[in-house]
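Here is a short tour of a multi-chain model, taken one chain at a time. Keep the viewer open and follow along.

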Amino acid sequence: MADVKLSGLHKYYGNVHAVRGIDLTIADGEFAVLVGPSGCGKSTLLRTIAGLEDPNEGTIAIGGEIVNDLRPRERNIAMVFQNYALYPYLTVYENIAFGLRARKRPDAEIRSRVGEAAEMLGIGNLLGRYPRQLSGGQRQRVAIGRAIVRKAELFLFDEPLSNLDAQLRDEMRTEIKRLHHEITTTMIYVTHDQVEAMTLADRIVLLRDGKIEQQGAPLELFERPRTEFVARFLGSPSINLIPAKLVAAERRVAAIFDGGGSITLPVSKSAALDGAAGRAVLLGIRPQHFSRAGGGPLRDGFVSYSTVADLIQPTGTRTFITIKIGGVDAIAELQAHDVESHGQKIELAIDLNRAVLIDPGTGSVIA
Amino acid sequence: MRLGGVPSRKTRVLALRYLGAAALTLFFLFPVYWLFMISFKTPDEIYHVPPLWVPSHIQFSNYYVLFKDGDVWAIANSMIVAGVSSFFAIILGTLCAYSLARFNTGGDNLAMWIISQRMIPPIAVVFPIFLVYVYFGLVDGFFGLVLLYTAFNLPYVIWMMRGYIVDVPLELEESALVDGLSRWDVIWKVVFPMVRPGLVATSVFTFVFAWNDFIFALVLTRTEVITFPVQLTHYFGGQSNFWAKIAAMSVLGTLPIFVAVTMMQRYLVRGISLGAVKG
Amino acid sequence: MTISAALDGSKRSRSGRFGRMVEDRLPYLIVAPAILILLLVGLFPLIYSLIVSFQHITMTDNDTSFVGFMNYAELFKDARLWASLGHTAIITAIALPLELLIGFLMAQLFIERMPGRQLFVALLVLPTVISPIVAGATWRLMFDVRFGPIGEILSFFAGEPVRILWTVNPYFVYPAIIICEVWQWSPFMFLLLLAALSNVDQSQLEAAELDGASYFRVLRAIVLPAIAPVIAVACLIRGLDLVRIFDIIWALTEGGPGSMTETISLYTYVQGFSQFETSYTAAIAFLVIALLTVITTLVLKRMELAR
């Protein structure tokens, strides 16, 4: 059990400033996910915490103790790698027992702990096999087994699911979530996949170019992003952004689309935009904020929008349609049978309470 | 590069290829066959005009003579010298290669210098080394020869093993480091097992090099530590050569190599080509 | 079932100060033994030799005074030295292309799959691993005018007795050496080129086949460019070996007749260990090193540029 505290962390690779002044605190027992596009510094950060790389500046503290000059094996951490890092010349049992053997634990203890871990991950019957005889999912389980058997205070995961196919990935994600539920150790997880981030994290730390763009609970980042980057990164399909200009419209604010048409913003949004008339903005509407208009009166903050479904992509449970709004292609997510054919006319309702307004120049969310 | 065609054409081509292969094998192995045959012939058969293609029966008296006269010690000496020097070259060379591969110790300059050592022509250094050895009393002793062969094998070992080590996924080492191994342990418990094929291939090469070396053995030995190639040249006379002995000794000295190479055959192709392809 | 999350007992711990010191310096510690040996045997004798080459130590004279470049000046006047360089050049210039060609043809023969290929390759490699002394001795036996099979085979094809003293007749010594050398080292080229050929991009070859390209066209446009780097390295390795050739000649002709097949290595040996011209030999040695370094650097530069 340990909390992790990073202060003023910097890391350079030659001229590349990979980590630029990170301050981050992860509470004891928390599941933190470091997520971001490739090159954002998340792996570097993780490896620095592990001790596999040394930071150029800043301190790393685990459980209140500064560990900067401790070697990886002295930091009492366990790590799961992207490519499983299993030793091909050892059996599954020996692979899991590797760390315990290194610390010279007695055979009986090793046997019981390996058995326990294998049982927990459902690989108890594979202990005599060699890695080459296992499937991808089984190998990943062995890698996780090797981590948990050491009962470290901090678990690090470096994109462990990237090499698995989609279905396996879903399965393993659930496994990892259940793992955290059962052993409640502090876990730091690196991924570029925002779905993994959303589903696994207690706290998401979204990184961009070596800095923290935003951190917080998943839904908080999703519903109240602070910058355009965050809004774009989370959510699949990604948020629709429509360029527009704000004008005052009686007691409220309206957005005039650069591509034609306009939309009046609800009171909740207008309040925050006081005095913003004339500003250029990006209006961000998530695909999920569209729905088929029921025909009755619209709720507060909802507006109606008549359009044509250009393309339809049914997935079974939902149907994604491509529409034009403000002269821009946008994706709307509807129920399975809301739209039947291409080119069909449809009446949509847009929930503008959840819309975000972004300043195109600074990229920050203004409302 | 061959166009597919009517089956009979394919078979014809295949037959031709086998013919070619057989012809090549004949050409390249005939001398070896001849050597073996001479070693089994009696002096009458050896000095028979015209030469006999097959001995009337296989007899080992030529070999017996070698054992009786103690010439066989040359083989033993070669085994010791080649084996020990290979061992040290592999161990020290692989350690050095690890440092170069993972830590880039000494940067490009050190790597360049090590490779350049391989290009040193033995003839250019045999003389100064001889002088130095005389000074330190290392001539005609096991230690001197082993030291020399180790030194000459090191650049090759370092070059080859570096390539093999680089192929080991870094994650395996990092995982071990996190799990509790020291760097030293990682080298022995993770890297060495992972590069075993490379170790085998490289050690065969170092062994063969030390075994077959002539010029250093010629210069640096006198009477105590005669190795196999030098012993062989003792049988060359001005007028007549002791052919029986030459053949028998050659066979004795070549069989171990044949056996070793054939056993390690599948590693070797990679060994040779890796060195060349990686440049 | 839950795993207790109790602490391991081996919480954050530091290793001792000595251990840390060793581990920090580990990269340097483990290169040290190898580098030390290399310096001892590689660099030290060279320096010593350089010094000696500027002295005047001969069979009779142990003069260690500095005589400047006298020995090196001698080199230029030494006809036998230049002759030996010429001999070396001849052998290299003939043997290397032959080995390359034969090796290439062999590789072409075996590149396609065929049952038993593994066996053939294993057998064909054998000449390369035997001691060059054994190779030379074997061919000496084979070439023997009375008891060797070569004479018999040639007589059979010529229809009349053929009596050639291969190892003594001035017209035949070079062919003898080259035959033995090519016999031993073509398989080496064969192996290298076989590996290189199997790495040629299959899809390119298939596309060319579909396009109807002729055999030679494919060879020139696709195959040769692809294996050029390997050919270059192979030629460099074998080329340097050929310049240093010693064992085979020693076994076949001992440099004879006279000094007709004396290569630079043999000449150096003679000067050093027959004549005991210590300083002069040192100078020759340096000439050889300089020569080889120049050749190697030029070739490597060419290769770099070509890349």
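Let us begin with one hairpin in chain A, bearing in mind that this is a predicted model. Strand E11 of chain A (residues 240-249) pairs with strand E12 of chain A (residues 252-257) in the antiparallel sense, over six bridges. To find the register, look for A:Ala248, whose bridge partner in E12(A) is A:Val253. Two residues lie between the strands of this hairpin, and A:Glu250 takes a positive phi near 55 degrees there.

E11(A) also pairs with strand E14 of chain A (residues 280-285), again in the antiparallel sense and over six bridges. Here A:Asn240 has A:Ile285 as its bridge partner in E14(A).

**Another sheet in chain A**

Which strands form the open sheet of four, and in what order? The order is E2-E1-E4-E5 of chain A, with antiparallel pairing. Its edges are strand E2 (16-26) and strand E5 (65-66) of chain A, each of which pairs on one side only. Strand E1 of chain A (residues 4-13) and E2(A) are joined by eight bridges in the antiparallel sense. One place to check this pairing is A:Lys5, which has A:Thr25 as its bridge partner in E2(A).

The three strand pairs described so far are set out below.

| Strand pair in chain A | Sense | Bridges | A bridge pair |
|---|---|---|---|
| E11 and E12 | antiparallel | six bridges | A:Ala248 and A:Val253 |
| E11 and E14 | antiparallel | six bridges | A:Asn240 and A:Ile285 |
| E1 and E2 | antiparallel | eight bridges | A:Lys5 and A:Thr25 |

**Chain A as a whole**

Stepping back, chain A holds nine helices and 21 strands. Its C-alpha atoms fill a box of roughly 80 × 45 × 35 Å along the principal axes. Of the 367 residues in chain A, 40% are buried. Among contacts in chain A between residues at least 6 apart in sequence, 66% join residues that are at least 24 apart.

**Chain B and its two domains**

Now turn to chain B, where the domain assignment gives domain 1 (9-59) and domain 2 (66-272). The centres of these two domains of chain B, taken over C-alpha atoms, are separated by 32 Å. Six residues from domain 1 of chain B and six residues from domain 2 of chain B take part in the contact between them. On the domain 1 side, the elements that give two or more residues are H1 and helix H2 (43-46) of chain B. H1(B) provides the largest share of that side, four residues. By class, the domain 1 side of this contact in chain B has five nonpolar residues, one polar residue and no charged residues.

**Where chains B and C meet**

The contact between chains B and C takes 76 residues from chain B and 74 residues from chain C. Which element of chain B gives the largest share of the side that touches chain C? That is helix H1 of chain B (residues 7-40), with 13 residues. The whole chain B side of this contact divides into 56 nonpolar, 17 polar and three charged residues.

B:Ile215 is a good residue to zoom in on, and its place is in helix H11 of chain B (residues 215-220). Is B:Ile215 buried or partly exposed? It has 19 other C-beta atoms within 10 Å, and a buried residue needs 20 or more, so B:Ile215 counts as partly exposed. Leaving out residues up to four places away in sequence, B:Ile215 touches B:Pro122, B:Ile123 and B:Val126, along with C:Phe246 and C:Asp247. The C-alpha atoms of B:Ile215 and B:Cys96 are separated by 27 Å, and the two residues are 119 residues apart along the chain.

**Chain C**

In chain C, the domain assignment gives domain 1 (17-53) and domain 2 (78-306). Their centres, taken over C-alpha atoms, are separated by 35 Å. Four residues from domain 1 of chain C and six residues from domain 2 of chain C form the contact between them. The domain 1 side of that contact in chain C has two nonpolar, two polar and no charged residues.

Our last stop is helix H9 of chain C (residues 202-211). Why does H9(C) lie largely in the open? Of its 10 residues, the number buried is zero, so H9(C) lies largely in the open. Just after H9(C) comes C:Gly212, which takes a positive phi of about 85 degrees.

Note on methods: Residues are numbered from 1 along each chain as its sequence is written. Chains are lettered from A and ligands numbered from 1 in the order in which they are written. This is a predicted model: local features need pLDDT of at least 70, side-chain atom pairs count only at pLDDT 80 or more; totals for chains, interfaces and linings use all residues. Two residues are in contact if their C-beta atoms, placed from the backbone, lie within 7 Å. Ala, Val, Leu, Ile, Met, Phe, Trp, Tyr, Cys and Pro count as nonpolar, Asp, Glu, Lys and Arg as charged, and the others, Gly among them, as polar. Two strands pair if DSSP finds at least two bridges between them. Domain bounds come from an automatic or database domain assignment. A residue is buried if 20 or more other C-beta atoms lie within 10 Å of its own, exposed if 12 or fewer, and partly exposed in between; C-beta atoms are placed from the backbone.
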